Amino acid sequence: MHKLVNYILLASAFSSLFLFASANAYFNVTYLNTTVMLYKNTSAHVVESFTILMSNSSVAQYNQDRRAINLTLSEWQHVLSTDLLMEHIINPTGSLHNVTLLPGPVGYAYGYGGTAVITLEYYVNNVTTVQTIAPREFKYTFNDSVLNFQHSSSGESLPLNTRFNIIIPKGTEAISVYPSPDFPSPSFTGNYTGDTMFSWFESEPLNEFTFAYTQQQSMESEVLDYFSGIYYSYTDEIYVVVAIAVAALGIYAYTKLR
């Protein structure tokens with residue numbers, strides 16, 4: 001009887017230990033970095049990195065799921081039990097394209113479990129709108145409806161432990177930025193001449209987000225764009241003219257040879 005009680009107590013201890021380990025087996029998204037690289041055609045390349053913290057008992061599961069390279073974004077959301085693993089820049093009038101998801105290797109955390117970085121890349125259209133404001137000068141305005149961060153009663157804002165970056169093309173200049181970025185600081189004249197990357201950190205309100213920049217087009221680029229436009233507008237007609245010219249040269253050469 002005494003031995004039976006010992007076995008029961010031992011089994012209960014192992015059961016409690018298992019339940020404790022299961023309760024401590026979890027994943028947690030601890031940091032989000034969203035970078036939007038703007039193009040001159042109103043689209044953008046977005047790279048998002050999610051830093052994951054996991055317990056010791058979760059490392060094996062993460063590695064197993066990582067080897068299943070065909071897991072979708074929604075499946076990873078289920079694995080990690082988080083809704084933070086998502087696209088934070090969306091296209092209000094269409095879908096994203098060229099989406100890739102790359103779960104990184106585990107780096108072991110001292111005295112705990114491990115960390116890993118999941119990278120999500122995709123391309124989005126209609127991130128900016130463009131208008132001509134002067135001869136060979138264009139203004140690009142960021143479309144704030146593409147932002148898909150946390151929503152609260154006071155509006156949209158960056159979650160804790162989040163960094164949001166915008167990179168504008170070289171040769172452009174930011175002219176309107178609100179709220180003021182945490183990086184870089186404006187020059188003593190209050191502008192961002194020469195800066196191409198702008199960053200906002202956690203808890204920044206985004207409900208009145210404004211971002212615009214200008215681009216000066218050279219005379220050479222304008223001429224090239226003009227003739228490129230003509231080419232694409234009249235491609236079929238150009239092919240017909242070329243075909244007629246080739247046929248005429250063939251007939252002329254044939255006549256001369258005879």
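Buried residues account for 32% of the 258 residues in the protein chain, which is described here from a predicted model. The protein chain contains five helices and 13 strands, and it exposes about 16000 Å², of which carbon and sulfur atoms supply 59%. Where contacts in the protein chain link residues at least 6 apart in sequence, 67% of them join residues at least 24 apart.

Two buried positions, one in a loop and one in a strand, were examined individually. Leu158 is located in the loop that runs between β9 (155-157) and β10 (162-167), and with a relative accessible area of 0% it falls under the 20% limit and is therefore classed as buried. When neighbours within four places in sequence are set aside, the residues in contact with Leu158 are Phe149, Gln150, Phe164, Trp200, Phe201, Glu202, Ser203, Glu204 and Leu206. Of these partners, Ser203 is separated from Leu158 by 45 residues in sequence, although the C-alpha to C-alpha distance between Leu158 and Ser203 is 4.8 Å.

Glu137 belongs to strand β7, which spans residues 137-142. Its relative accessible area is 19%, and Glu137 is therefore also counted as buried, since the limit is under 20%. Outside the neighbours within four places in sequence, Glu137 is in contact with Gln131, Thr132, Thr214, Gln215 and Gln216. With Gln216, the side chain of Glu137 makes a polar contact at 3.3 Å, the partner atoms being those of the Gln216 side chain.

Methods. Residues numbered from 1 in each chain as written. Predicted model: local features only at pLDDT ≥ 70, side-chain atom pairs only at ≥ 80, totals over all residues. Heavy atoms only, no water. Helix = DSSP H or I, 4+ residues; strand = E, 2+ residues; numbered from the N terminus. Buried < 20%, exposed > 50% of the residue type's maximum accessible area, 1.4 Å probe, protein only. Contact = heavy atoms within 4.5 Å. Areas by Shrake-Rupley, 256 points an atom, 1.4 Å probe, with all protein chains shown as cover. Polar contact = N/O pair within 3.5 Å; in protein donor to acceptor, adjacent residues only side chain to side chain.
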